[in-house]
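Reader: Hey, could you walk me through this structure? I'm new to this.

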Amino acid sequence: FDSDTPSEYVKKYEKYPNLHFLSGISWQQLESLYKTTDIFLFPLLQDSFAVFLECLAYQIPIVTTDVWDIPEKVDHEKTGLVVHSPISLFDEGFITRWKNPSEFIDVVKHTHFQKFVENFAKETERLINDTSLQRKIRRNCYSTITKGKFSIKRRNDALKEIYQSAI
């Protein structure tokens, strides 16, 4: 797979043979990756709904943050592990708060971000080492996507209720 990741990062992490930087991959390639993924790490300060649905559909335990509405999509210890983030792109005034990127970097350095990284690594390690937790999360992912809050039936029932209340 090719990547548009800056070369300094690729070089810095090349000693980890199982770490891959990907971009511009086809759906078939992505599906192949999902089918062979053990755990999905999503330590971002923003949100991507599709990623969560795809992880649920492929029964991939996810480790993520508590930013914005992520805890509504990933139930801690049920469909993944959720780690508290000290900052979020959705915090009030987050985007307009800094005059330049170096001010933002300074804020990140002086928050409890190191503690966040440690907690994220700790939860990831716990999931790697606890195979019964992995199995439980995989079962719950499947159930959530087929019968739970993200199932097609649940969505259709909600749409039907909205439609019927409108007529």
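Author: Let's go through the aromatic rings and then the sheet. This is a predicted model, where local features need pLDDT of at least 70, side-chain atom pairs count only at pLDDT 80 or more, and totals for chains, interfaces and linings use all residues. Residues are numbered from 1 along each chain as its sequence is written, and side-chain values use heavy atoms, leaving out hydrogens and water.

Reader: Cool. How many aromatic pairs are there in the whole structure?
Author: Eight. Rings of Phe, Tyr and Trp (its six-membered ring) pair if their centres lie within 6.5 Å; planes under 30 degrees apart are stacked, over 60 edge-to-face, and the rest tilted.

Reader: So why is the pair of tyrosine 13 and tyrosine 16 called tilted?
Author: Because their planes are at 35 degrees, with the ring centres 6.3 Å apart. Ring pairs also link Tyr13, Tyr16 and Phe21 into a cluster.

Reader: Is tyrosine 16 buried or exposed?
Author: In between: tyrosine 16 is partly exposed at 42% relative accessible area. Buried means under 20%, exposed over 50%, partly exposed in between (1.4 Å probe, protein chains only).

Reader: New topic: what's the strand order in the sheet?
Author: The open sheet has three strands in the order 1-2-3, paired in parallel. Strands are DSSP E runs of at least two residues, helices H or I runs of at least four, numbered from the N terminus; two strands pair if DSSP finds at least two bridges between them.

Reader: And which strands stand at the edges?
Author: Strand 1 (40–42) and strand 3 (80–83); each has a single partner strand, so one side of each is left without a neighbour in the sheet.
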